[in-house]
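Student: I would like a close look at one part of this protein. Please take me through a sheet and whatever packs around it.

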Amino acid sequence: MARKAVPLQAAPAVEVRRSTRRRRTVSAYRDGGRVVVLIPAKFTRREEREWVDHMLGRLDARDKRTGRHGDDALMERAVSLAARYLPEHPEAAHPASVRWVSNQQGRWGSCTPEDRTIRLSERLRTAPGWVIDYVLLHELAHLVIPRHGADFWRLLEAYPKTERARGYLEGVADAAVA
């Protein structure tokens with residue numbers, strides 16, 4: 001029996017940042033399409049390789065556990081949400097792109113209706129799924145109605161956790177200021 005070839009997933013670009021102030025801890029985070037690994041400056045090249053491999057494994061495990069893989073998964077999620085909560089507006093189910101971005105510190109998401117692009121802040125990656133769904137649905141609604149008005153907010157009434165998600169996001173924003 002012939003085996004079907006499974007395409008290998010490309011390894012992410014890795015940027016290693018060494019710090020003389022960092023003594024023992026190692027951390028890593030995703031920044032767009034790359035992974036940034038922060039290590040102590042005194043680590044040998046062998047220790048660096050071991051820790052990079054370890055941290056890539058931890059990030060992959062977290063992504064699998066939380067179901068938040070990447071932009072492709074985000075696009076699938078957007079199309080599914082639009083079909084479920086905005087069925088009378090099929091144009092919302094067809095954004096040109098949906099992606100995570102690291103340059104949004106003052107907002108949770110943004111939408112450019114002219115080119116049908118949606119961006120969600122990386123800060124949302126650790127939020128509960130129902131909060132991500134709300135922000136994504138909010139941005140999808142902008143593909144139908146660009147401005148925040150009564151008609152816009154009516155579109156979001158179909159999502160049962162709208163008020164809860166808005167409260168969650170306000171709480172997170174307030175805690176960051178305090």
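Tutor: What follows is a walk through one sheet, the helices across it, and then the surroundings.

Keep in mind that this is a predicted model. Start with the sheet built from S4, S5 and S6. Which order do its strands take? The order is S4-S6-S5, in an open sheet of 3 strands with mixed pairing. The edges belong to strand S4 (97-101) and strand S5 (109-112), and each of these pairs on one side only. From one strand to the next, the twist averages 15 degrees.

Now look at the pairing of S4 with S6. These two strands run parallel, joined by 5 bridges. One residue pair to find on screen is arginine 99 with its bridge partner in S6, arginine 119.

Next, the loops on either side of S6. Arginine 116 sits in the loop between S5 and S6. Its phi is near 60 degrees, a positive value in a residue other than glycine. Arginine 116 has 23% relative accessibility, so it counts as partly exposed. The cut-off for buried is under 20%.

On the other side of S6 is glutamate 122. It lies in the loop that links strand S6 (117-121) to helix H3 (129-144). Is glutamate 122 buried or exposed? It counts as buried, because its relative accessibility is 15%. Its side chain also has a polar partner: the side chain of arginine 125, at 2.6 Å.

Two helices lie across this sheet. Helix H2 (residues 71-85) crosses S4 and S6, and it runs at about 130 degrees to S4. H3 lies across S4, S5 and S6. Against S6, H3 runs at about 155 degrees.

H3 also packs against another helix, H5. How should that packing be described? Two packed helices are described by the angle between their axes and the distance between the axes. For H3 and H5, the angle is about 100 degrees and the axes are 9 Å apart. H3 is therefore roughly perpendicular to H5. The residues in this contact divide into 7 nonpolar, 1 polar and 2 charged. From H3 come Trp130, Val131, Tyr134 and Val135. They meet Thr162, Arg164, Ala165, Arg166, Tyr168 and Leu169 in H5.

Step back along the chain from H5 and you reach glutamate 157. This residue lies in the loop between helix H4 (150-156) and helix H5 (162-177). Glutamate 157 counts as exposed, because its relative accessibility is 61%. Its C-alpha atom is separated by 8.9 Å from that of tyrosine 85, although the two residues are 72 apart along the chain. Tyrosine 85 brings us back to H2, the helix of residues 71-85.

For contrast, turn to the other sheet, built from S1, S2 and S3. Here 3 strands form an open sheet in the order S1-S3-S2, with mixed pairing. Strand S1 (13-19) and strand S2 (27-31) are at the edges, each with a single partner strand, so one side of each has no neighbour in the sheet. Neighbouring strands in this sheet are turned by 25 degrees against each other on average, direction ignored. S2 pairs with strand S3 (residues 34-40) in the antiparallel sense, over 5 bridges. Within that pairing, arginine 30 has valine 35 in S3 as its bridge partner.

Note on methods: Residues numbered from 1 in each chain as written. Predicted model: local features only at pLDDT ≥ 70, side-chain atom pairs only at ≥ 80, totals over all residues. Heavy atoms only, no water. Helix = DSSP H or I, 4+ residues; strand = E, 2+ residues; numbered from the N terminus. Buried < 20%, exposed > 50% of the residue type's maximum accessible area, 1.4 Å probe, protein only. Polar contact = N/O pair within 3.5 Å; in protein donor to acceptor, adjacent residues only side chain to side chain. Pairing = 2+ DSSP bridges. Axes fitted to C-alpha atoms, helices over the stretch in contact; angles between N-to-C directions. Contact = heavy atoms within 4.5 Å. Parallel < 35°, antiparallel > 145°, perpendicular 65-115°, else oblique. Nonpolar A, V, L, I, M, F, W, Y, C, P; charged D, E, K, R; others polar.
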